[in-house]
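Student: Could we go through a model together? I would like to start with a sheet and then turn to the cavities.

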Amino acid sequence: MSILKKLMVMGVFTIFFGSASMAYAAGGGGVIPTDPTNHFHPKGKVPSRYTVELQNQWRKTLPFDDQRDFEEQKKGFIAAPDYKQIKAEAGHVAWDMGSYEWLLDGKDFDSIHPSLQRQAILNMNYGLYEVAPGIYQVRGFDLANISFIRGDTGWIVFDPLTAKETAKAALDFVNEKLGERPVVAVVYSHSHADHFGGVRGVVDEADVRSGKVKVIAPVGFMDHAVSENVYAGNAMSRRLFFQYGVLLPRSPFGHVDQSIGKNTAAGNLGLIPPNVIIKKDFETLTVDGVRMEFQNTPGTEAPAEMNTWFPDFNAFWAAENIVATIHNIYTLRGALVRDALEWSKQINVALYKYGRQAEVMFASHSWPRWGNERIQEVMRAQRDTYAHLNNGVLHLANQGVTINQVHNVYEVPKSLQQQWTARSYHGSVAHNSRAVINRYLGYWDGNPTTLIPLSPEDSAPLYVEMMGGADKIIAKGQELYDQGQYRHAQEILNKLVYAEPQNQEAKDLLADVFEQIGYQQESPSVRNSFLAAAYELRSGIPEGASPKSTGPDMIRAMTTELWLDFLGVRLDSRKAGGKAFTINLATPDNGEQFAVELSNGTLTNIEGFQADDADLTITIDRADLEATMMGAVSFDEQIASGKAKLNGSRQVYEDLKTMLVHFDLGFEMMPGTGARDLTPEEKPFQQEQPADTSGG
Ligand SMILES: [Zn+2]
């Protein structure tokens with residue numbers, strides 16, 4: 001393929017099911033609107049009376065009379081553009097706010113948790129807003145906000161979105177409404193793609209290289225922008241289908257929101273390396289007359305992240321550390337588990353250092369908070385929620401509650417439950433509480449039965465046999481479904497689906513169960529996961545992906561060591577069995593050297609060394625190697641053109657080539673949904689695009 005696996009994930013998928021021949025696209029890309037009053041899937045079900053009853057309970061018990069978020073969300077509105085769609089350079093729709101307009105009809109949807117529907121409406125923010133005189137935000141152009149600080153001569157841009165196209169549209173709109181000014185600096189608040197990917201829409205790389213434009217980032221930014229999502233990249237990309245509901249139509253029965261914004265944009269993702277790195281815990285810079293104090297907050301929402309205090313504005317920029325949701329301690333797409341206690345402590349530092357005098361707090365998602373009392377209220381609520389998550393879960397763990405129980409036991413304190421800013425949209429209380437135990441104690445619950453369990457497909461047939469076969473399980477599953485006992489129903493139906501992956505009746509009933517559980521979720525990540533699984537159980541993994549274009553920046557930002565590490569992941573040990581060799585690799589233009597060894601079916605590398613007795617020495621400039629990593633020129637072609645020089649046994653190189661596997665995005669998540677070949681063949685030494693980290 002070209003280079004576009006990641007973009008297929010965010011891409012436009014057109015799906016046809018059965019005779020209905022309904023065609024639509026979903027995910028981050030262009031969307032054919034669906035009728036909000038009708039389910040988009042022929043097998044889809046409306047919310048059951050149990051689901052409706054639960055939603056009604058929430059309507060009575062949550063603090064819906066606290067309307068302050070709606071006032072803050074609207075405050076400072078300047079203008080909205082006269083368009084709702086932003087086109088990508090490749091021609092497709094990169095962004096479409098119009099596809100969610102049904103949320104503004106004033107209707108309560110019983111297929112959406114009322115708290116989530118509220119958040120989904122708040123995230124319909126669209127256009128240019130004044131945060132304070134001289135500080136502006138464009139919201140609703142991408143998953144994140146893009147912020148503009150007016151300096152003496154130009155704009156300082158905080159967090160230039162995911163896509164070049166959406167960032168450029170935002171800058172154009174700001175210049176149109178507030179007067180044309182050059183961008184003099186860009187600040188990346190952290191290492192997730194929705195905060196840097198659109199940088200090429202606001203600055204030229206040449207101006208960054210010459211130092212004319214400053215690009216400022218927290219320490220560790222470049223490493224984490226790339227490495228966090230390479231090693232398990234293909235699995236993460238596939239799991240995004242679930243967490244982000246990439247294939248779900250935008251509908252009350254499908255995708256409604258993504259907690260920190262509507263969705264991710266499907267445009268051109270790039271990365272210009274920063275030329276100013278903030279290394280100390282606190283560092284002050286004046287750029288274009290604007291004084292900024294940066295607070296590094298590593299180990300919070302991202303491994304490299306920083307807040308910013310603007311003393312001349314009494315304004316505090318909370319990056320993605322404080323937004324209008326409790327965030328992911330564990331991200332369902334897959335990521336290292338985060339540290340809830342450290343996150344809470346960094347909010348506390350910000351509260352004591354800046355929060356006591358701040359008059360406005362704004363962030364890379366959601367809407368600002370004004371007035372010192374309100375700011376302190378929000379900071380304390382978030383500080384306490386993360387701290388309690390850590391402390392409360394460990395309190396239970398120290399009394400023997402395990403990772404397989406804690407989500408049914410742990411409760412957020414009642415006073416926090418009644419504060420909107422402490423609700424858990426992005427990270428659910430369920431998956432975050434399990435994550436805390438995972439961080440400290442790992443996945444094992446201490447019962448030897450679960451230490452080396454059978455794989456589910458191996459244990460399921462025994463259960464099905466002992467339960468008396470498929471018919472009995474389906475009858476009981478239907479009974480439980482009819483009683484609204486959905487989590488009980490999934491226990492037994494899941495066993496049947498594993499034992500009989502071709503049993504469509506079982507898959508359809510499990511899909512019905514998943515759907516009701518999905519409708520009942522406050523967290524869109526959890527909702528999407530259930531609804532996407534239901535979708536695949538009913539229709540299989542869709543085919544027909546139209547990938548988007550992306551720039552080569554993410555590959556260029558990968559070190560040679562990381563590329564070699566990933567060759568080790570791609571190595572098929574069975575093909576390597578019995579073989580052993582050593583390769584010296586040198587890239588003269590940047591002076592790097594590596595010794596690469598294949599032994600014991602394992603490929604390792606070490607930087608800064610050369611083996612004395614290498615079977616083969618490969619010499620190629622890093623600049624040329626990048627062309628191969630990007631898939632533009634194959635390694636064979638590099639050899640033929642003389643750009644790669646081989647000294648020693650060419651056979652070693654030929655052997656290695658045949659041992660490398662390319663991962664396909666179309667692997668099954670649920671049994672019997674039909675693995676599909678979604679990733680066209682790549683050149684042997686081409687590097688796959690890292691997974692998208694948008695949204696943390
Ligand atoms: Zn973000």
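Tutor: What follows covers one sheet and then the cavities. This is a predicted model, in which local features need pLDDT of at least 70, side-chain atom pairs count only at pLDDT 80 or more, and totals for chains, interfaces and linings use all residues. Residues are numbered from 1 along each chain as its sequence is written, and side-chain values use heavy atoms, with hydrogens and water left out.

Student: In what order do the strands of the open sheet run?

Tutor: The order is E4-E7-E8-E9-E10-E11-E12-E13, with mixed pairing. Strands are DSSP runs of E, at least two residues long, and helices are runs of H or I of at least four, numbered from the N terminus; two strands pair if DSSP finds at least two bridges between them.

Student: Why is one side of E4 and of E13 left without a neighbour in the sheet?

Tutor: Strand E4 (77-79) and strand E13 (276-278) stand at the edges and each has a single partner strand, so one side of each lacks a neighbour there.

Student: In which sense do E12 and E13 pair, parallel or antiparallel?

Tutor: Strand E12 (residues 214-218) pairs with E13 in the parallel sense, over 3 bridges. Ala217 stands opposite Ile277 in E13.

Student: Changing topic, how many cavities of 30 Å³ or more are there?

Tutor: The structure holds 9 of that volume or more. A cavity is a set of points, on a 1 Å grid over the protein atoms alone, where a 1.4 Å probe fits but cannot get out; lining residues have an atom within 4 Å of a point. Grid points are joined across faces, edges and corners, and a volume is the space filled by probe spheres set on the points.

Student: Which element gives the largest share of the lining of the largest cavity?

Tutor: H20 does, with 3 residues. The lining of the largest cavity includes Trp563, Leu564 and Leu567.

Conventions. 1 Å grid on protein atoms, 1.4 Å probe; cavity = no way out; pocket = protein on both sides within 12 Å on 5 of 7 lines; lining within 4 Å.
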